[in-house]
Structures are given as C-alpha cells and as structure tokens.
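Hi,

Here is the structure I promised to pass on. Have a look at it first, and my notes follow underneath.

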Amino acid sequence: MSAMVPIDPQAMGKVAVLMGGHSAERAVSLMSGQGVLAALLAQGVDAQAFDPAQRDLGDLKREGFDRAFINLHGRFGEDGTVQGALELMGIPYTGSGVLASSVAMDKIMTKRIWLAEGLSTPAWRQVDSVEQTVAALAELGAPMIVKPAREGSSLGLTKVTDAAQCAQAYALAARHDPEVLCEQFVAGDEVTCPVLGTGAQARALPVIHIVAPDGNYDYEHKYFTDDTHYIVPCDLPAGEEAVIQALVLKAFRTLGCRGWARADVMIDARTRQPYLLEINTSPGMTSHSLVPMSARATGMSYEQLCLQLLASASLDNPLPAHAGD
C-alpha cells in the first residue's frame, strides 16, 4: 500500500461528527460516532458530536462547521438525504455523494446495476405479499434470504427453509421497508472487503473472512458479542483474495462510490464463485467494526484511518467561491 500523505489536523477546520439520527441503526451509529470523535479529538481536530435527531441540521451552517464526518447508518444518513442537505449547505462530507448513497442503500437497485455491468450477485425476486414470497421460494429454492430492500445491519432478515416460514419472514421484512427482497442463499465462505479512496485512486483493503456461530452473522453477532471470528489476513486459497478485491473495486466504481465503503461477498463452497451481496457506504466504526480491522492489517491505526477519511470529505458539486456572495 502506498505511503500515507501527512494530514494537518488544524487544516480540517471545525468538524461535525454526525451520529445517532433517526434510523433503526441509531444505537450502532452512536457507538461508531463516539469512537470517531475520540480519535479525531486525540489528534487535535476541532471536532464536536452532532445528532440530527436532536438538533436542526441547519445548525451546521449557522454554527460555521467546515466538514462533516458521517457516522449515520441506515435511513436519513446513508441513503443520500443528509448528503443532499450537506450539498445545499456547501459543507464537505465523508463518503459517497447523493446518488451513490441513495442507490447503494437500495439493494434491489444495486443488484440491477451490478447485473447490467456483468458483476455476480445472487438471484433474487422483489415481493410485496406472502404469496409472492412463497412463489419466490419455489423459484429460488431453499434456503432463501428474505430481507428489507433498504435496511442494514441484518435488521429484518430471515433465512427461510420452507414455505411455512414465509409469512413471518415477509411480515418482519415489511415492518422495516415496504420493498422486500427475496434472495437465493449462497452456502460457503462469508467475506467482506473495504475500499478507500475515489476513482482511479480507490484501492481495496485486505479481505476479512467472517466465521460466525452456525453461520449466523446477525445484528447481535455483528455488534454485541465476541463469538464471531474475523480472519485477517484472510485464509482463502491463493489468488481468491485478489479476485474478490478486484470484484469489490469494480462494484464500488460502478455505483460511483467515493471516499470509502465496504462490500459483503459470499463465496460458493462448491464453485468458489464470489457473489456480491451489498455495499455499505457508511460502514460501522465501532470496536467490532470491519473497516478499522482491515486497515489495521495494513499498518493503519484507527486514528490514522479516521483522519484520512475526514481529509477525503468532499462535495458532488462544489459551488464557485463567489456564489452566494
């Protein structure tokens, strides 16, 4: 990996660390935000916590914030909405822009784009009833994953093995989002791969092999238990890591992502074919989070990662200096 360019913490200006928010992932967002805030303060950045659920976003402009580090997960934070507000206020922010954030949050739209670009992703059906969920199971085969199309952290997800489970699985997913996705289950190794940077400068970090109890990498195992094992550097067969990194980089660039993201991938145990599941444009930064873990394998500390991400803050359409004068 290329050497990191030194970053002057003072040059970052007054920084808002956005955390909490209104989504179902509020608790995780607060954990992520507190970690990032502590890391930035320790390096001399003028950073402050900012919870959009408790304060008007317009305060960011009124109080003269120069940058925003987005630690919001899920809706109103990862779906292009807060990015659009920051664009209007002219405050550079971390992560992807409005369009890429919005598309990546929608798993169905993401799959359509990836398939159009020839990238592998499990077969799926969009459903809006229990009957359609049962029909999807007949088409896709068991086991099948039923999940909300626009939610993260495995919230509302069920692994269905027979038709009798479809009603409950659909109801759970639909409680989180009216758009429900049924996805073919890929049995094999579960891995994740972060990306840092933008465009031609974007690079994939080391792949992490996730080994969860009984293969159940759910909300609890992601954030609150120590039962899940993370293998990094990964233990994949020779050459597979490079193939996955190339696939993830292409997935990142195809959606127009920037700054950073993390893609989840399943590797079919029989064929060793990797399949893209989804891409997270505002990944977690908690003590259990995967981007810091992968970065650490390259020699980058949590603090260095936070500062580098903050320095990458940008806008889709920066206004000319004289605009609004």
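**Around cysteine 182**

Cysteine 182 touches Ala123, Trp124, Arg125, Val127, Thr133, Ala136, Leu140, Met144, Ile145 and Val146, leaving aside residues up to four places away in sequence. Do keep in mind that this is a predicted model. The cysteine belongs to strand S7, which covers residues 180-184. Cysteine 182 counts as buried because its relative accessibility is 0%, and the cut-off for buried is under 20%.

Strand S7 is part of an open sheet of four strands, ordered S4-S7-S5-S6 and paired antiparallel. The edges are taken by strand S4 (124-127) and strand S6 (158-160); each has a single partner strand, so one side of each has no neighbour in the sheet. On average, neighbouring strands here are turned by 25° against each other, direction ignored. Strand S5 (residues 144-148) is joined to S6 by three bridges. Methionine 144, which is on the contact list of cysteine 182, has valine 160 in S6 as its bridge partner.

Two helices lie across this sheet. Helix H5 (residues 107-116) crosses S4, S5 and S7, at about 145° to S4. Helix H6 (residues 130-140) lies across S4, S5, S6 and S7 and runs at about 170° to S4.

**The parallel sheet**

There is also an open sheet of three strands, in the order S2-S1-S3, with parallel pairing. Strand S2 (46-50) and strand S3 (67-70) are its edge strands, each pairing on one side only. Strand S1 (residues 14-18) pairs with S2 over five bridges, and leucine 18 sits opposite phenylalanine 50 of S2. Helix H11 (residues 302-311) lies across S1 and S3, at about 125° to S3.

How far is cysteine 182 from arginine 67 in space? C-alpha to C-alpha, the two are 38 Å apart, with their positions 115 residues apart in sequence.

**Helix H9**

Helix H9 (residues 240-254) has 15 residues, so at 1.5 Å a residue it should span 21 Å, and its end C-alpha atoms are indeed 21 Å apart. Its buried residues are Glu240, Ile244, Gln245, Leu247, Val248, Leu249, Ala251 and Phe252. Among the elements covering them are H5, strand S8 (188-196), strand S9 (203-204), strand S12 (260-268) and strand S13 (274-280). Just past the end of H9, glycine 256 has a positive phi of about 75°.

Cheers

Definitions and conventions: Residues numbered from 1 in each chain as written. Predicted model: local features only at pLDDT ≥ 70, side-chain atom pairs only at ≥ 80, totals over all residues. Heavy atoms only, no water. Buried < 20%, exposed > 50% of the residue type's maximum accessible area, 1.4 Å probe, protein only. Contact = heavy atoms within 4.5 Å. Pairing = 2+ DSSP bridges. Axes fitted to C-alpha atoms, helices over the stretch in contact; angles between N-to-C directions. Expected span 1.5 Å × (residues − 1).
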